[in-house]
Amino acid sequence: MIEPSMLLRRDVIEALRRGTVPRRGLDLFAVGTDRYAGSLREELERCATGGAVFKALRGDFGCGKSFTARWYQQQALARGFAVAEVQISENDTPLHRLETVYRRATEGLRTSEWDTGAFRALISQWLMGLEEEVSRTLKDPDDLKALAAGVGDLLEARLKDVSAVQPQYAAVLRAYHAAEVAEDHALAEGLIAWLMGQPNVSADIKRQAGIKGEVDHTGALGFLRGLLAVLKQCGRPGLMLVLDEVETIQRVRSDSRDKSLEAIRKLIDDLYGGRFAGLYVLITGTPAFFDGPNGVKRLPPLAQRLHVDFSGDAKWDNPRDVQVRLFPFDQKRLIEVGQRVRNLYPTDAPDRMMARVTDPVIAGLATAVAGKLGGKVGIAPRIFLRKLVATILDRVDLFPDFDPTRDLDMRIDAEELTLEEKAAVAGKKPDDIEIDL
């Protein structure tokens with residue numbers, strides 16, 4: 001295994017220090033993901049060869065849904081896929097309005113080369129490839145007008161399947177490229193923003209490109225097909241689209257909830273109907289969303305498509321099935337993660353770190369944090385890792401005479417807990433809780 005760079009290690013530790021899931025480097029401390037690795041490889045290969053996949057991660061709070069979803073994305077990035085993670089929310093990104101989902105996906109699109117701004121970079125890369133093809137056929141390579149016309153014709157030919165369902169996609173790309181060639185940057189910026197689903201693009205810009213309105217719920221699916229076509233022609237095997245916290249649709253009005261469930265049902269049918277070659281859709285949700293009266297079961301056709309029999313011993317759960325069941329952390333896994341994070345911590349005093357932050361110290365912290373959170377180990381990982389990094393590892397690194405078994409004075413403050421973690425304290429005031437190793 002290649003030793004991780006110091007930059008990657010620092011990025012991972014900084015995210016844990018903030019109490020968030022790192023965007024990369026999850027393999028360095030992930031525990032329990034091996035059981036999904038084989039089926040995920042198969043599914044990504046299916047997408048790479050023109051298929052599509054719909055997958056659901058289910059688990060209660062503390063089971064690591066967001067972490068596992070990030071791990072899935074990391075595996076996809078390593079295989080050349082683009083990825084986009086969209087947090088479903090009642091106000092900002094409602095699932096029944098797919099145009100907002102599409103917009104958030106283009107805003108957050110990532111590849112292994114581009115952690116931000118990947119949408120624009122991919123469009124530029126694709127158009128440069130078309131320019132090279134057209135340039136080889138021109139008598140005068142410096143004839144910009146002929147170049148723009150030739151690229152426009154070629155891109156429309158390459159996107160003919162997309163144009164059959166969403167003709168504006170190719171038309172806007174053609175206008176965008178022409179504006180780039182003419183160095184009309186204001187027009188180009190407006191068009192790429194419209195193509196990303198951004199609202200409030202000026203009427204003048206849309207008039208110059210011959211387009212009307214905004215990207216709507218129906219149009220968003222056509223634009224998603226356009227993005228997949230561009231990715232494929234750039235040599236990318238596909239796109240992994242993560243819809244996180246889908247269970248939030250249980251809290252919206254009943255009509256919006258039903259539209260959201262129908263949107264999922266239609267997306268599944270479109271995926272397996274061959275309309276989104278190369279697309280891997282991953283959703284996360286709680287068991288109540290999949291099994292409760294305000295979730296999937298409200299729409300029987302969707303419930304049928306997502307049904308999995310989870311009876312019997314959990315060790316026989318099939319990772320190839322449409323739903324993957326995640327389980328809360330136990331003490332053993334929590335300690336193992338802590339040991340990996342300690343070993344990953346970037347320090348100039350590794351011997352002191354190993355001598356002071358021993359396995360018993362990590363085990364003591366895991367027991368104490370879980371105990372102060374109502375004895376529920378399953379909801380402890382986030383706060384445990386944050387305390388391990390910020391309160392123990394950082395101090396051992398910064399202060400040569402700090403010994404956590406002697407000098408640790410640590411509390412869990414109410415401000416650092418989520419609502420679920422506060423509830424788990426079971427009536428105790430978090431700021432009154434002391435942790436002793």
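This briefing covers selected helix packing, aromatic pairs and individual residues in the structure above. The model is predicted, and every value below was computed from it. Among the helix contacts described are those of helix H1 (residues 6-18) with helix H15 (residues 331-344) and with helix H18 (residues 381-398), followed by the packing of H8 and H9. A search of the whole structure also finds six aromatic pairs, and some of the residues involved are placed in their helices below.

**Helix H1 and its partners**

- The axes of helix H1 (residues 6-18) and helix H15 (residues 331-344) come within 10 Å and cross at roughly 130°, and the two helices are therefore oblique to each other.
- In passing H15, helix H1 makes a left-handed crossing, and the residues that meet there are Arg-9, Val-12, Ile-13 and Leu-16 from H1 and Val-341, Asn-343 and Leu-344 from H15; sorted by class, this contact of H1 with H15 has five nonpolar, one polar and one charged residues.
- With helix H18 (residues 381-398), the axis of H1 comes within 7 Å and the crossing angle is roughly 110°, which makes H1 roughly perpendicular to H18.
- On the H1 side this contact is made by Ile-13, Leu-16, Arg-17 and Arg-18, and on the H18 side by Leu-385, Arg-386, Val-389, Ala-390 and Asp-394; by class, the contact of H1 with H18 has five nonpolar, no polar and four charged residues.
- Ile-13 and Leu-16 of H1 are listed in the contact with H15, and Ile-13 and Leu-16 are also listed in the contact with H18.

**Packing of H8 against H9**

- Helices H8 and H9 pack at an angle of about 155°, with their axes 8 Å apart, and H8 and H9 are therefore roughly antiparallel to each other.
- H8 passes H9 in a left-handed crossing, where Gln-168, Tyr-169, Val-172, Leu-173, Ala-175, Tyr-176, Ala-179 and Glu-180 of H8 meet His-185, Leu-187, Ala-188, Leu-191, Ile-192, Trp-194 and Leu-195 of H9.
- Counted by class, the contact of H8 with H9 has 12 nonpolar, two polar and one charged residues.

**Aromatic residues**

- Among the six aromatic pairs found in the whole structure is that of Trp-194 and Phe-223, whose ring centres are 5.5 Å apart and whose planes stand at 65°, so the pair is edge-to-face.
- This pair links distant parts of the chain, since Trp-194 belongs to helix H9 (residues 185-195) and Phe-223 to helix H11 (residues 217-233), 29 residues apart.
- Trp-194 counts as buried at 1% relative accessibility, and Phe-223 is likewise buried, with a relative accessible area of 2%.
- Phe-289 and Phe-290 form an edge-to-face pair, with 5.1 Å from centre to centre and 75° between the planes; Phe-289 is buried at a relative accessible area of 0%, and Phe-290 is buried at 4%.
- Trp-194 and Phe-223 also belong, together with Tyr-102 and Tyr-169, to one aromatic cluster, and of these residues Tyr-169 and Trp-194 appear in the contact between H8 and H9.

**Two residues with positive phi**

- Most residues other than glycine have a negative phi.
- Glu-183, although it is not a glycine, has a positive phi of about 60°; Glu-183 lies in the loop between helix H8 (167-181) and H9, and at 60% relative accessibility this residue counts as exposed.
- Asn-200, which is not a glycine either, has a positive phi of about 65°; Asn-200 lies in the loop between H9 and helix H10 (203-209), and at 71% relative accessibility this residue counts as exposed.

**Surroundings of Arg-298 and Gln-75**

- Arg-298 is placed in the loop between helix H13 (287-291) and helix H14 (300-306), and at 32% relative accessibility Arg-298 counts as partly exposed.
- Leaving aside neighbours within four places in sequence, Arg-298 is in contact with Ser-254, Arg-257, Asp-258, Leu-261 and Pro-293; the C-alpha atoms of Arg-298 and Ser-254, which are 44 residues apart along the chain, are separated by 9.9 Å.
- Gln-75 sits in helix H3 (residues 65-78) and is buried, with a relative accessible area of 13%; not counting residues up to four places away in sequence, Gln-75 touches Asp-27, Leu-40 and Leu-44.

Technical notes: Residues are numbered from 1 along each chain as its sequence is written. This is a predicted model: local features need pLDDT of at least 70, side-chain atom pairs count only at pLDDT 80 or more; totals for chains, interfaces and linings use all residues. Side-chain values use heavy atoms; hydrogens and water are left out. Axes are lines fitted to C-alpha atoms, for helices over the stretch in contact, and angles run from 0 to 180 degrees between N-to-C directions. Helices (H or I, at least four residues) and strands (E, at least two) are DSSP runs, numbered from the N terminus. Angles under 35 degrees count as roughly parallel, over 145 as roughly antiparallel, 65 to 115 as roughly perpendicular and the rest as oblique. A crossing is left-handed if the near helix is turned anticlockwise from the far one by less than a right angle, and right-handed if clockwise. Contact means heavy atoms within 4.5 Å. Ala, Val, Leu, Ile, Met, Phe, Trp, Tyr, Cys and Pro count as nonpolar, Asp, Glu, Lys and Arg as charged, and the others, Gly among them, as polar. Rings of Phe, Tyr and Trp (its six-membered ring) pair if their centres lie within 6.5 Å; planes under 30 degrees apart count as stacked, over 60 as edge-to-face and the rest as tilted. Buried means under 20% relative accessible area, exposed over 50%, partly exposed in between (1.4 Å probe, protein chains only).
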